[in-house]
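Here are a few notes to read with the model open beside you. Take them in any order you like.

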Amino acid sequence: MDLQHTDKNYLWHPYTQMYDYQSRDLLIIDRAEGLMLYDEKGKSYFDTISSWWCILHGHNHPTITGYVKKQLDRLDHVILAGISHEPAIRLAEKLVTLTPTPLSKVFFSDNGSTANEIALKMSLQHWRHTGQPSRKYFVSLERGYHGDTIGTMSLGGMPDFHKEFADLLFTSFTIPSPHCYRCPMEQNRKTCNLECLQPFEVLLEEKGKEIAAMILEPLIQGAGGIRMYPPKYLKKVAALTKEHGIHLIFDEVATGFGRTGKMFAMEYADVSPDFLCLSKGLTGGMLPMAATVTTDEIYQSFYGPYGDNKTFYHGHTFTGNPLSASAALGSLKVFEEEQPFARMQETVPYLHKKMAPFNNLPWVGDVRCLGMICAVELVKDKKTKEEFSFEERVGWKIYLESLKEGLILRPMGNTVYLWLPISTTIAEIDEITERTYRVLSDPANINGWGK
Ligand SMILES: Cc1ncc(COP(=O)(O)O)c(C=O)c1O
């Protein structure tokens, strides 16, 4: 079979302009091992984006595949509505153990968007059950990204992604992005006194009683451009939402499970939400699964005799799928067996050190890192921070050049990033950062910079 031809005939890829591949081959991956992906011709590529930020311990980790294979011989799938099974039960217990005390009930779904959507629906319904139906609006951040369903797009702060669907989206409130490199309040990291939270404070004073919940990605706005902000921001958001009795939803779909150097990014601020939304790394990246973890207080407001109209009418066919739940249990086993946090004591500072020289390139405005995630923001002018325009497509050229280097870099706009598995070794960091440097240090790859 001619895979290239057949792909182009039948497949429509996500977040991809298929026209770009009209006269160009797609990268067709045949197999994977550890950090490496291999194409049909056997050429290898470092998976520096962890296959859309989900692979945690490397591809095909034998412990996880072992858990899935064992489960496959026993129970493939069963409805999880009033019928249960051991992998879902065990996983729910483990997730409650891993998360802060108030979080004690787990609702499974299939992907990050649904994990967030469920939190929104639970929050809204909770306020109806508890006599505050006027709380029906949500607050989110500019450049926030919570998924591609109608609800999560309504709280998305990414005009490029969401503007075509504006007619479908519900009303919500948006506050400035805490983007320290391009501070909306014209502060810098040293002078910052969380001025960017003032609009939130004003909103809470004016509309606090109409707000159901605030949703945000702890410490890193991923799809918004790998924007990083300090733990003190998260701490203040938690204090403000508590003060005004508003639910707090942490979307840790991308940051969860160790990627930032702690199990959950919220641990840096020592705060806990009313809803914690998880996916991607939950199964170590092997199978689709998501979880919305919430408090007993929320759960109890839904609890009551039949006919009370308190049931949460939400569920998906594959909710709690036994194979996915087994993969998640396998991934948590790897945490126990391999102690990645101990290893990251060495690998994380090493990665950050290796990224520092990127700062010296004349077209690099900012290098920011947290845990195994590092971003390099490209600019036309370091002083003015002038951006490359959308039409200049610097990211596309870098993507194509990275493939030649045996890397998969998938820049977001003008931001090139590494989102590495937590298992990445020192030798792999050397190889990845050196290849990335070769791609980014050639002005020809940065739109012929300076010409
Ligand atoms: C922070 C965050 N939330 C939600 C999502 C949506 O997850 P999914 O693509 O699994 O629906 C993503 C995906 O990248 C994400 O980064």
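The points below cover aromatic rings, charges over rings and two backbone spots.

1. Before anything else, keep in mind that this is a predicted model. Everything here is computed from that prediction.

2. Let's start with the rings. A pair of aromatic rings is described by the distance of the centres and the angle of the planes. How many aromatic pairs does the count come to? The total is 17. One to look up is W53 with W419, a stacked pair with 4.1 Å from centre to centre and 10° between the planes. Those planes count as stacked because the angle is under 30 degrees.

3. That pair also ties together distant parts of the chain. W53 belongs to helix α2, residues 50-53, while W419 belongs to strand β15, residues 415-419. The two are 366 residues apart. Are these tryptophans buried or exposed? W53 has a relative accessibility of 8%, so it counts as buried. W419 comes out at 0% and is therefore buried too.

4. Now have a look at F302 and F312. Their ring centres are 5.7 Å apart and the planes sit at 85°, so this pair is edge-to-face. Both residues are in the loop between α10 and α11, with their positions ten residues apart in the count along the chain. F302 is buried, and F312 is buried as well.

5. Some rings form a group. Which residues make up one aromatic cluster? They are Y15, W52, Y145 and F161, so to speak a handy set to select together in your viewer.

6. Two lysines are worth a click for where their charged ends go. K105 has its charged end over the ring of Y299, at 4.6 Å from the ring centre. For K262, the ring underneath is that of Y268, and the charged end is 5.1 Å from its centre.

7. On the backbone, check Q339. This residue is not a glycine, yet its phi is positive, about 45°. Where is Q339? It lies in the loop between α11 (322-338) and α12 (340-355). With 47% relative accessibility, Q339 counts as partly exposed.

8. R393 is another spot to check: a positive phi of about 50° in a residue that is not a glycine. Its place is the loop between β14 (373-378) and α13 (394-404). Is R393 buried, exposed or partly exposed? Its relative accessible area is 39%, so R393 is partly exposed.

Technical notes
Residues numbered from 1 in each chain as written. Predicted model: local features only at pLDDT ≥ 70, side-chain atom pairs only at ≥ 80, totals over all residues. Heavy atoms only, no water. Helix = DSSP H or I, 4+ residues; strand = E, 2+ residues; numbered from the N terminus. Buried < 20%, exposed > 50% of the residue type's maximum accessible area, 1.4 Å probe, protein only. Phe/Tyr/Trp six-rings, centres within 6.5 Å; stacked < 30°, edge-to-face > 60°. Lys NZ or Arg CZ within 6 Å of the ring centre and 35° of its normal.
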